[in-house]
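Me: I would like to learn how to read a strand-rich model, feature by feature. Please show the structure, and then we can take pairing, sheets, burial and turns in order.

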Amino acid sequence: MLMRTDPFRELDRLAQHLTGPGTWSRPSAMAMDAYREGDEYVVAFDLPGVSPEAIDIDVERNMLTVKAERRPVAKADNVHMELSERPLGVFSRQIVLADTLDTEKIKADYDTGVLTLRIPIAERAKPRKIAIGGESSRKEISG
């Protein structure tokens with residue numbers, strides 16, 4: 001059997017082991033991607049193995065907070081764990097949202113372990129043309 005080692009993976013595993021699982025007072029960070037897609041700002045969080053009921057999303061003013069908890073799977077009495085690399089505990093991420101985003105219309109979807117938030121860009125922040133009003137009158141200066 002071929003075994004490939006990744007020293008950085010081992011360092012991550014060691015750091016996780018030393019710091020322990022995240023708690024509600026000291027949660028671990030979760031991986032995320034953020035990008036603009038048309039008239040929406042999209043934020044995707046990796047939360048594999050987390051049930052949708054264990055995810056909490058809050059927005060207060062322009063601060064978006066996502067918290068999730070991954071609990072250990074219930075095991076039978078005769079099961080002996082050989083290797084445990086999947087992190088357990090509480091995960092959290094806070095993002096400061098720009099005033100140009102409409103936090104009243106955030107949509108959240110959870111599919112295959114990825115939480116995707118779609119935040120529309122506010123109408124007031126979209127580019128628009130300004131019409132020029134009034135009569136155009138020219139005055140001739142003679143002198």
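Reply: Start with one bridge: S28 has F91 in β6 as its bridge partner. Keep in mind that this is a predicted model. S28 belongs to strand β1, which covers residues 28–29 and pairs with β6 in the parallel sense over two bridges.

Me: Is S28 buried or exposed?

Reply: The cut-off for buried is under 20% relative accessible area. S28 has 17% relative accessibility, so S28 counts as buried. As for separation, the C-alpha atoms of S28 and R93 are 8.4 Å apart, with these positions 65 residues apart along the chain.

Me: In which sense do β5 and β6 run?

Reply: β5 and β6 run antiparallel and are joined by eight bridges. Two of the facing pairs can be named here: M63 stands opposite V96 in β6, and V66 stands opposite R93 in β6.

Me: Which strand pairs with β5 over six bridges?

Reply: That is β4, residues 55–60, and the pairing is antiparallel. Within it, D56 has K67 in β5 as its bridge partner. β4 and β5 form a hairpin with two residues between them.

Me: What should I look at in the turn of that hairpin?

Reply: Look at the backbone phi angle. R61, in the loop between β4 and β5, has a positive phi of about 55° although R61 is not a glycine. The cut-off for exposed is over 50% relative accessible area; R61 has 77% and is therefore exposed.

Me: Where is T112, which has a positive phi of about 45°?

Reply: T112 sits in the loop between β7 and β8, and T112 is not a glycine either. With a relative accessibility of 73%, T112 counts as exposed.

Me: How do I read a sheet? What is the strand order of the open sheet?

Reply: List the strands in spatial order and then ask which of them stand at the edges. This open sheet has four strands in the order β2-β3-β8-β7, with antiparallel pairing. β2 (32–37) and β7 (107–111) are the edge strands; each has a single partner strand, so one side of each is left without a neighbour in the sheet. Neighbouring strands of this sheet are turned by 20° against each other on average, with direction ignored.

Me: How many bridges join β2 to β3?

Reply: Six bridges join these two antiparallel strands. One of the residue pairs is A34 with its bridge partner V43 in β3.

Me: What does T116 touch, leaving aside its neighbours within four places in sequence?

Reply: T116 lies in strand β8. With those sequence neighbours left aside, T116 is in contact with V42, V43, A44, K107, A108 and D109. T116 has 19% relative accessibility and so counts as buried, the cut-off being under 20%.

Me: What is the general idea behind a nonpolar core?

Reply: In soluble globular proteins, nonpolar side chains tend to be buried together. In this model the largest nonpolar core has 17 residues, of which F45, L47, I55, V66 and L115 touch the most other members. The strands β3 (40–46), β5 (63–70), β6 (89–96) and β8 (114–120) each supply at least two residues of this core.

Me: What does L47 touch, not counting residues up to four places away in sequence?

Reply: L47 touches M30, I55, A68, R70, Y110, G113 and L115 on that count.

Me: A68 is in that list; in which strand does A68 lie?

Reply: A68 lies in β5, a mostly covered strand in which seven of the eight residues are buried. A68 itself has 0% relative accessibility and therefore counts as buried.

Me: Which residues touch A68, not counting those up to four places away in sequence?

Reply: They are M30, L47, V50, A54, I55, G89, V90 and F91. For A54 there is also a C-alpha separation: 5.5 Å from A68, with the two residues 14 apart along the chain.

Me: What general rule applies to side chains along a strand?

Reply: In a regular strand the side chains alternate between the two faces of the sheet. When reading β5, set that rule beside its burial count: seven of its eight residues are buried.

Methods
Residues are numbered from 1 along each chain as its sequence is written. This is a predicted model: local features need pLDDT of at least 70, side-chain atom pairs count only at pLDDT 80 or more; totals for chains, interfaces and linings use all residues. Side-chain values use heavy atoms; hydrogens and water are left out. A nonpolar core is a set of buried Ala, Val, Leu, Ile, Met, Phe, Trp, Tyr and Cys residues joined through side-chain atoms within 4.5 Å. Buried means under 20% relative accessible area, exposed over 50%, partly exposed in between (1.4 Å probe, protein chains only). Contact means heavy atoms within 4.5 Å. Two strands pair if DSSP finds at least two bridges between them. Axes are lines fitted to C-alpha atoms, for helices over the stretch in contact, and angles run from 0 to 180 degrees between N-to-C directions.
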